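Here are some exercises to work through with the structure open beside you. Try each task on your own before you read the solution.

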Amino acid sequence: MSRDMSYAAVMARKNEIMKASMGMDYNDFIQSPIAFDYERMMHETGYGLEDIVRIQTETKVGQTPLFELKRLTEAVRAFAGPGKGATILVKDEAANASGSFKARRASISAFDARKKGYKGVAAATSGNYGAAVASQAAMRGLNCIILQEVFDSRGIGQPEIVEKSRACEAYGAEVQRLSVGPELFYQLLMTLENTGFFNASLYTPFGIKGVETLGVEIAEQVRQRYGKDPDAVVITHAGGGNLTGTARGLLAAGCDHTRIVACSVDLGGLHMASDTDFNRKSFTTGHTGFGVPFATWPDRVDVPRNAARSMRYMDEYQLVTQGEVFYVTELLTKLEGLERGPAGNTSLTAAVTLARQMDRDQVVVVQETEYTGAGKHHNRQLSFARENGIEVRVGDPVDNVPGKAIVIPQRLEQVRGKVQDMDKLRMSYLKNAVKAHPVDQWSEGDVAFLAADLKKDVSWIKTAVKELDK
Amino acid sequence: MSKIAKGTWVEIERVLLKPEERAPNLPEETRKCPYVLRISGFLLEDAELGTEVRVKSLIGHEHRGVLRVVNPSYGHSFGTTVPELLSIGTEERV
């Protein structure tokens, strides 16, 4: 008897497929439609920090350099007020195998898949994570399948994602290139079911534990060179794993007072599942189209509960425009002699704004870079935008309109970004929690979980829920 | 039409979901399109372009679909020069 492969039938088999593809049962941790034992789930991966360092060293991950951006810092100090202009540092994560921090995220999944006897790993991802899984799988002697959302109904691929297809095939993976739509997850489930491969999801505890070493390295490197903890760490935010893992690593190293700053490119107004908006975005990730929904409801992912829970750790959230990031990318190249890709340069753009407001003796860390090249390069993204009818011009970045106009600043002083209201994000999270589980059924455990997940106390949650009713 | 030889590196295409089979709650412009897979592999039998074939992927898995491209290649580039970028950062030099 053949299995029902319709969309609804495959989605209904989600839990059993997940269980078989990860050797892990989320029901062991789930307490209610809202609460689950997060720390126990993270702990029971069975990998401590020392194990992770050892596993990552085996596959060319970690111990990346931390560079001081002297000329960029000077450029900020030239217009920052008296005594202002913090030192900007960047962690050169492009030095990891496959060219981004995502190698940290993939490394433990590949190791665990091999240990548990899986023949291969599969992941649905259109970003650097695909190349990272393919590269780590290659080193562990595992087969790899990467599913990517690549092209619109005209058959035109987003150049950055086309480059990811190339990179994954270069590492020997099978690449399933798909048209626009959330059914990527449906195809992943079918692939896992048909192949019996390990689900190397971005959102498992393995994925997040692997990033903790990044936070620990930042703490150690900054302390060694500057004799203190970093004052702020800026993290490009999309699905939340980069922020969660880095922040957990910083906390594990004792950096209790370091400000954790999220940053996304503002793509407000563009729909993520739209066939026509797909190629009107000049950023494929690190933008608000992922950053906001994942912050305000992390459990919208390809595993039953998401180990990436950004609001637990986030102190503030900066938004930047596409034009501002392209300007700062070019400046990094010309002033610092580093050609790097969009992911890290998004947080670098926010770091310019933060450094301007912070004192001179303070230190702000941009916690990643990624490789760049054909397709990913900002020149390609801007020329592609023009080909798709988007206006590209020099001016004041406040005139930037996602999907319509990219405005490249004339001077660094015009890079200002803007701040996202954290309490508004928390209220959206609570609204989603009410949808998942009616308030009158919330236990004390649910309220305590929400307080921890939103970095607030129980009384704040109780007051905020009453506000929701008004 | 000339036959493409067995063993040639090709790209195939297959409709995974017809418009009416797609996920609920899609924007209108997406819902009217089929959900399509493209994948590359080695052709398992001599065939003509546009016909239904089977291929073996880089990891040896078999997939079927319509033969679309012979020797698929990556044509992505750095794009045509965007002059607005050229002068950024140069004014800081002596």
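**Exercise 1: The build of chain B**

In this predicted model, 28% of the 94 residues of chain B count as buried.

Task: Work out which pattern of helices and strands chain B follows along the sequence, and how its radius of gyration compares with that of a compact globule of 94 residues.

Solution:
- Step 1. Start by counting elements: chain B has 2 helices and 4 strands.
- Step 2. Now put them in sequence order, and chain B reads β-α-β-β-β-α.
- Step 3. Turn to the radius of gyration, which is 21 Å for chain B, where a compact globule of 94 residues would have one near 12 Å.
- Step 4. Check the dimensions too: the C-alpha trace of chain B spans about 65 × 40 × 30 Å along its principal axes.
- Step 5. Finally, look at contacts in chain B with a separation of 6 or more: 54% of them join residues 24 or more positions apart.

**Exercise 2: Where the chains meet**

Task: Find how many residues of each chain are in contact with the other, and which strand of chain B pairs with S5(A).

Solution:
- Step 1. Across the two chains, 46 residues of chain A are in contact with 33 residues of chain B.
- Step 2. On the chain A side, the elements that each supply at least two residues include strand S4 (143-151), helix H8 (159-170) and strand S5 (174-179).
- Step 3. Sort that side of chain A by class, and you get 20 nonpolar, 16 polar and 10 charged residues.
- Step 4. Strand S5 of chain A pairs with strand S2 (residues 35-43) of chain B, in the antiparallel sense and over 2 bridges.
- Step 5. Look across this pairing: opposite A:Arg177 stands B:Arg38 in S2(B).

**Exercise 3: The nonpolar cores**

Task: Find how many residues the largest nonpolar core has, and which residues A:Ile146 touches.

Solution:
- Step 1. A general idea helps here: in soluble globular proteins, nonpolar side chains tend to be buried together.
- Step 2. In this model, the largest nonpolar core has 140 residues, and A:Val121, A:Val133 and A:Ile146 are among those with the most contacts inside it.
- Step 3. Helix H10 (residues 205-226) of chain A gives this core its largest share, 8 residues.
- Step 4. Leaving out residues up to four places away in sequence, A:Ile146 touches A:Ala123, A:Thr125, A:Gly130, A:Val133, A:Ala134, A:Cys168, A:Ala173 and A:Val175.
- Step 5. Another core, of 8 residues, lies apart from the largest one, and B:Ile12, B:Ile39, B:Leu43 and B:Val53 are among its members.

Terms used: Residues are numbered from 1 along each chain as its sequence is written. Chains are lettered from A and ligands numbered from 1 in the order in which they are written. This is a predicted model: local features need pLDDT of at least 70, side-chain atom pairs count only at pLDDT 80 or more; totals for chains, interfaces and linings use all residues. A nonpolar core is a set of buried Ala, Val, Leu, Ile, Met, Phe, Trp, Tyr and Cys residues joined through C-beta atoms within 7 Å. A residue is buried if 20 or more other C-beta atoms lie within 10 Å of its own, exposed if 12 or fewer, and partly exposed in between; C-beta atoms are placed from the backbone. Two residues are in contact if their C-beta atoms, placed from the backbone, lie within 7 Å. Ala, Val, Leu, Ile, Met, Phe, Trp, Tyr, Cys and Pro count as nonpolar, Asp, Glu, Lys and Arg as charged, and the others, Gly among them, as polar. Two strands pair if DSSP finds at least two bridges between them. The radius of gyration is taken over C-alpha atoms; the globule rule is 2.2 Å times the number of residues to the power 0.38.
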